[in-house]
Amino acid sequence: MKLQRKNRRALAFGALAVSGALALTACGSDDTGGNSEGGGSSATAQAGNIDCGDAKGQLQASGSSAQKNAIDAWVKQYSAACKDVQVNYNPTGSGAGITAFLQGQTAFAGSDSALEAEEIEQSKKICKDGQGVDLPMVGGPIAVGFNVPGVDSLVLDASTLAKIFDSKITNWSDEAIAKLNPDAKLPDLKIQAFHRSDESGTTDNFTTYLKEAAPKDWSYEPSKAWEAKGGQSAQGSSGVAQQVKQTSGAISYFELSYAKDGLKTVDIKTEAAEPVKATIENATAAIGAAKVVGTGKDLALELDYTPAAAGAYPIVLVTYEIVCDKGNKAETLPATKSFLNYMASEDGQALLADAGYAPMPEEIITKVRETISSLA
């Protein structure tokens with residue numbers, strides 16, 4: 001088992017701007033259904049059980065693109081209830097999101113890896129009399145999507161995946177792939193392996209899996225930035241998913257919510273008797289075994305990337321919302337607590353499965369709710 005985030009990050013200052021074109025804006029957006037006109041917030045919103053409290057104004061956040069589709073679903077419901085709040089979430093990637101948070105540009109950040117020790121120390125400059133804490137909010141499988149003509153089902157193991165993404169296996173007819181797929185008609189076709197071009201917690205978790213499950217075949221340390229040689233790159237989870245969809249011979253990794261419009265995903269061979277499919281249920285089985293290893297109000301998790309239990313999908317991630325435990329800006333604290341409370345609520349978590357994500361186990365999300373209520 002490994003702590004979900006423990007590698008270095010080169011802070012990417014060029015990716016900091018919260019772009020209006022990319023932001024998920026709760027007001028006047030077709031994506032979210034929000035409306036900035038009319039109606040005041042009430043203690044308990046008319047739409048569902050969303051508590052708007054005294055929330056108002058703009059709430060700026062950025063980071064993980066992995067949770068974009070979950071954020072979309074949350075913002076749509078929240079903005080319909082809390083019409084005085086405009087939520088802007090920019091899916092710049094985990095690295096850029098944490099950088100923006102540490103520079104005081106956002107109320108919270110989304111990251112697919114927990115804060116490093118030095119980042120927690122940096123956060124104390126922004127969080128007066130407090131520090132940044134990790135709140136696990138959404139989980140799910142990292143699917144490995146492929147586009148191989150004539151192949152509808154594909155099984156790969158960690159060793160083979162490591163060699164494919166390190167350019168050591170370069171053709172779909174390779175013996176190692178054929179051995180795992182004796183009934184498949186594998187073509188003589190070049191493998192087009194795509195990785196993320198931006199610093200990504202998805203990359204961090206995917207490379208942690210490769211390092212943990214195939215240490216002899218993956219010599220690189222887990223990192224948000226892609227370290228292996230060769231391959232091609234694309235921006236964000238949507239970018240690599242689109243490349244797989246349109247490129248013959250392609251393979252890449254992305255959250256299951258991006259595996260749509262006919263994209264096929266790899267079944268992963270583990271120590272269990274049968275290969276494991278990338279499903280919400282199978283990811284939940286793996287996340288349920290996670291342990292809280294953060295201290296105090298920090299709820300960083302330790303995940304097992306080499307599960308042997310039947311039906312436990314080994315490549316999972318948990319997205320954290322990173323926020324100050326104390327020292328939040330007074331003008332944004334009510335909206336921050338209100339929105340995070342909704343995300344962590346029963347109703348908020350219930351939306352995740354339909355959006356392609358796994359809700360947090362009850363014992364974990366209960367601690368998240370307790371921490372949110374104490375934010376100051």
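Here is a short back-and-forth about this predicted model.

Student: What average pLDDT does the protein have, and where does pLDDT stay under 50?

Tutor: Overall, 87% of the residues score at least 70, and the protein averages a pLDDT of 88. The weak patch has 125 contacts beyond four places in sequence in the model, yet pLDDT stays under 50 there. That patch is residues 1-46.

Student: How many helices and strands does the protein have, and what share of its residues count as buried?

Tutor: DSSP runs give eleven helices and 15 strands. Among contacts with a separation of 6 or more, 76% join residues 24 or more positions apart. As for burial, the protein has 376 residues, and the share that count as buried is 57%.

Student: How much of the accessible surface belongs to carbon and sulfur atoms?

Tutor: Start from the total for the protein, about 15,000 Å². The carbon and sulfur part of that surface is 48%.

Student: Which residues touch the most other members of the largest nonpolar core, and which strand gives the most to that core?

Tutor: In soluble globular proteins, nonpolar side chains tend to be buried together. Here the largest nonpolar core has 101 residues, and Trp74, Phe165 and Ile251 touch the most other members. The biggest contribution, eight residues, comes from residues 132-147, which is strand β6.

Student: What residues does Trp74 contact beyond its neighbours within four places in sequence?

Tutor: Two of its partners are Met137 and Val138. Others include Gln67, Phe339, Tyr342 and Met343. To finish the list, add Gly348, Gln349, Leu351 and Leu352.

Student: How many residues does the other core have?

Tutor: This core lies apart from the largest one, and its members include Phe194, Val240, Val244 and Ala250. Its residue count is nine.

Student: What parts does the salt bridge between Asp267 and Lys277 tie together, and how far apart are they in sequence?

Tutor: The closest N and O atoms of Asp267 and Lys277 are 3.0 Å apart. Asp267 lies in strand β12 (residues 267-269), while Lys277 is in the loop between β12 and α8 (280-287), so the pair links parts separated in sequence by ten residues.

Student: Is Asp267 buried or exposed, and what about Lys277?

Tutor: Buried means under 20% relative accessible area. Asp267 has 11%, so Asp267 counts as buried. Lys277, at 48%, counts as partly exposed.

Student: Which residue forms a salt bridge with Lys124?

Tutor: Lys124 is partly exposed at 38% relative accessibility. Its partner is partly exposed too, at 48%. With the closest N and O atoms 3.3 Å apart, that partner is Glu121.

Student: What is the N to O distance between Arg369 and Glu362, and how many salt bridges does the structure hold?

Tutor: Arg369 is partly exposed at 23% relative accessibility, and Glu362 is partly exposed at 48%. Their side chains meet in a salt bridge at 3.3 Å, N to O. The count for the structure is eight.

Student: Where does Asp129 lie, and what is its phi near?

Tutor: Asp129 lies in the loop between α3 (117-123) and β6. With a relative accessible area of 69%, Asp129 is exposed. Its phi is positive, although Asp129 is a residue other than glycine, and the value is near 65°.

Student: Which loop holds Ser167, a residue with a positive phi although it is not a glycine?

Tutor: Phi of Ser167 is about 60°. At 38% relative accessibility, Ser167 counts as partly exposed. Its loop is the one between α4 (158-165) and α5 (175-180).

Key:
Residues are numbered from 1 along each chain as its sequence is written. This is a predicted model: local features need pLDDT of at least 70, side-chain atom pairs count only at pLDDT 80 or more; totals for chains, interfaces and linings use all residues. Side-chain values use heavy atoms; hydrogens and water are left out. pLDDT is the predictor's confidence in each residue, from 0 to 100. Contact means heavy atoms within 4.5 Å. A salt bridge is a side-chain nitrogen of Lys or Arg within 4 Å of a carboxyl oxygen of Asp or Glu. Buried means under 20% relative accessible area, exposed over 50%, partly exposed in between (1.4 Å probe, protein chains only). Helices (H or I, at least four residues) and strands (E, at least two) are DSSP runs, numbered from the N terminus. A nonpolar core is a set of buried Ala, Val, Leu, Ile, Met, Phe, Trp, Tyr and Cys residues joined through side-chain atoms within 4.5 Å. Accessible areas come from the Shrake-Rupley method with a 1.4 Å probe; for residues, only the protein chains shown count as cover.
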